[in-house]
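Got the sequence and the model open side by side? Let's take a walk through some of the helices together, one stop at a time.

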Amino acid sequence: MSSPDLAEAPVAAAPSPARTSPGPALAAAMLGFALITLDTSVVNVALPAIGADLRTGMSGLQWVVDAYTLAFAALLLSSGALADRVGASRAYGIGSVAFVLASAACGLAPGLPALLAARAVQGVAAAVMLPASLALVREAYGDPVRRARAVSLWAAGGTVAVALGPVAGGALTTAWSWRGIFFVNLPLGLLALALLSRVARSQRRPAPLDLPGQLTAMAALGALTFAAIEGGTEAWWALALAGVSFAAFLLIETRRRHPVVPLGLFRNRTVAVAVAAGSANSVAFYGMLFVFSLFFQQVLGLSALAAGLMFLPMTGLLAGVNILSARVAARYGARLPIVLGQAVAVAGLLGLLTVDAHTSRVAQALLLVPLALGAGFSLPPLIASMMEAVPADRAGTAAGLLNAVRQTAGALAIAVFGSLAAASMESALRTSLLISAALLALTTLLSLRLPGRRGR
């Protein structure tokens with residue numbers, strides 16, 4: 001949703017004493033992370049234009065978003081270990097080149113199949129870049145205090161990208177074409193590579209890879225999303241494949257010495273609640289970005305730019321809310337902002353039930369704000385409490401798990417809500433709001449079981 005949810009990416013790189021000027025490493029990492037985050041939000045407002053140009057229906061538009069998100073989510077489970085094995089700077093360079101080339105392929109795509117293939121490559125590249133970008137920051141700053149400040153700046157790059165994504169996507173689509181949202185990645189990606197050339201090469205570290213676990217997880221996630229998007233007879237076969245793949249994944253993970261997902265983590269109550277609450281947060285935030293992007297354009301008849309501007313009050317507050325949340329958690333403990341934030345988000349979702357085609361544009365934009373306030377307020381302390389609940393040597397794995405599950409939850413939300421929208425846009429809006437509110441209400445109650453300040 002916002003950048004702090006990735007501030008503990010799955011990587012454990014040791015600082016390098018060879019760095020003399022950490023600025024290029026930080027700038028390259030911030031730019032790469034901003035590009036990755038931008039691509040999770042910039043596409044939504046361009047979907048109607050993509051559909052009209054490529055003559056595709058709702059299922060095609062869902063895949064435009066989910067081809068990226070699923071590849072990104074699934075590979076996050078292993079990408080930290082990969083970055084360690086090849087070295088953070090090499091992994092970041094490889095991922096950046098692939099991301100730039102895939103973005104060009106997206107912009108030049110002659111039809112939907114080519115666009116979806118390029119989007120999947122974008123997602124793979126993003127998964128490689130993410131942990132490597134944070135590793136570059138950690139390697140560049142040996143002093144823990146300076147490193148913490150640098151990580152905050154790195155995270156801020158993602159928050160700004162989330163805020164600007166809908167507006168940038170709308171502006172490029174309206175002034176140029178939907179293809180512009182992908183072509184804009186080219187100069188930014190090349191700038192990141194130029195900055196990387198000024199960064200010392202990272203050391204390689206031995207890190208085990210769980211390829212069977214990774215592959216079965218990907219198969220399960222892909223099949224489940226296919227069933228949700230496509231429906232029909234094929235959905236039953238896809239669900240069966242998802243079930244078999246998931247059972248195989250669980251069996252593999254119980255027998256691997258170095259599993260990609262240590263199942264024992266879920267015996268920790270804080271971890272289990274954090275994963276559940278983080279997933280509900282993603283369903284609400286990413287699901288509403290998707291649904292309201294379509295509602296603003298297909299029902300209200302707004303341009304892509306106008307639709308993007310409707311999200312600006314909502315996304316523009318995220319950075320400030322994240323900072324306030326951290327301060328409240330430091331003073332009162334994590335449970336208070338986690339519970340309060342989710343409760344505000346639930347209230348916001350229920351308030352959005354009043355929105356219809358006759359609601360004023362100002363009221364619609366303002367009614368989206370409580371959702372962002374609540375989600376942005378609850379997420380940073382949720383992640384922090386999860387990191388504190390696991391041993392230090394499992395922190396990266398736990399963070400990778402949380403981020404992967406959150407991205408997957410967002411992808412599934414788009415799959416389900418998009419399928420509802422294909423039948424009736426206004427009915428889908430109500431149903432998706434109720435589903436999101438119910439999930440967040442449930443995780444709000446579960447969050448009451450988190451330890452308070454004295455128990456942390």
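What follows is a tour of a few helices, the residues they hide, and the way they cross one another. Keep in mind that this is a predicted model.

Let's begin with helix α8, which covers residues 185-196. How far should its 12 residues reach at 1.5 Å a residue? The expected span is 16 Å, and the end C-alpha atoms of α8 are indeed 16 Å apart, so the two agree. Now look at which residues are tucked away: N185, G189, A192, L195 and L196 of α8 are buried. If you look down the axis of α8, those buried residues fall within an arc of 120 degrees, so they line one face of the helix. Turn to the other side of α8 and you'll find P187 and L190, which are exposed. And what do the buried residues of α8 pack against? Their partners are α1 (23-41), α4, α5 (112-140) and α7 (180-183).

Two of those partners deserve a look of their own. The axes of α4 and α5 cross at roughly 150 degrees and come within 7 Å. Angles over 145 degrees count as roughly antiparallel, and α4 and α5 are therefore roughly antiparallel to each other. Their crossing is left-handed. While you're here, find S103, which sits in helix α4 (residues 88-108). Is S103 buried or exposed? Its relative accessible area is 0%, so S103 is buried. Leaving aside residues up to four places away in sequence, S103 touches Q122, F182, N185 and L186. You've met N185 already, as one of the buried residues of α8.

Next stop: helix α14, residues 318-332. The length check works here too, because at 1.5 Å a residue the 15 residues of α14 should span 21 Å, and its end C-alpha atoms are 21 Å apart. The buried residues in α14 are L318, V321, N322, S325, V328 and A329. Seen down the axis of α14, they fall within an arc of 130 degrees, so they line one face of this helix. The face turned away from that buried side carries the exposed residues R327, A330 and R331. Just after α14 comes G333, which takes a positive phi of about 95 degrees.

So what does α14 pack with? One partner is helix α17 (residues 369-389), with the two axes 8 Å apart and at an angle of about 45 degrees. That angle makes α14 oblique to α17. The crossing of α14 and α17 is right-handed. On the α14 side, the contact is made by L318, V321, N322, L324, S325, V328 and A329. On the α17 side, A372, L373, G376, F377, P380 and P381 take part.

Another pair to find is helix α11 (residues 269-299) and helix α19 (residues 425-447), which pack at an angle of about 160 degrees with their axes 9 Å apart. α11 and α19 are therefore roughly antiparallel to each other, and their crossing is left-handed.

Last of all, pick out A409 in helix α18 (residues 395-423). At 11% relative accessibility, A409 counts as buried, because the cut-off for buried is under 20%. Not counting residues up to four places away in sequence, A409 touches S279, S282 and V283. How far is A409 from R147, 262 residues away along the chain? Their C-alpha atoms are separated by 31 Å.

Conventions
Residues are numbered from 1 along each chain as its sequence is written. This is a predicted model: local features need pLDDT of at least 70, side-chain atom pairs count only at pLDDT 80 or more; totals for chains, interfaces and linings use all residues. Side-chain values use heavy atoms; hydrogens and water are left out. Helices (H or I, at least four residues) and strands (E, at least two) are DSSP runs, numbered from the N terminus. Buried means under 20% relative accessible area, exposed over 50%, partly exposed in between (1.4 Å probe, protein chains only). Contact means heavy atoms within 4.5 Å. The expected span of a helix is 1.5 Å times one less than its number of residues. The arc is that of the directions from the helix axis to the C-beta atoms. Axes are lines fitted to C-alpha atoms, for helices over the stretch in contact, and angles run from 0 to 180 degrees between N-to-C directions. Angles under 35 degrees count as roughly parallel, over 145 as roughly antiparallel, 65 to 115 as roughly perpendicular and the rest as oblique. A crossing is left-handed if the near helix is turned anticlockwise from the far one by less than a right angle, and right-handed if clockwise.
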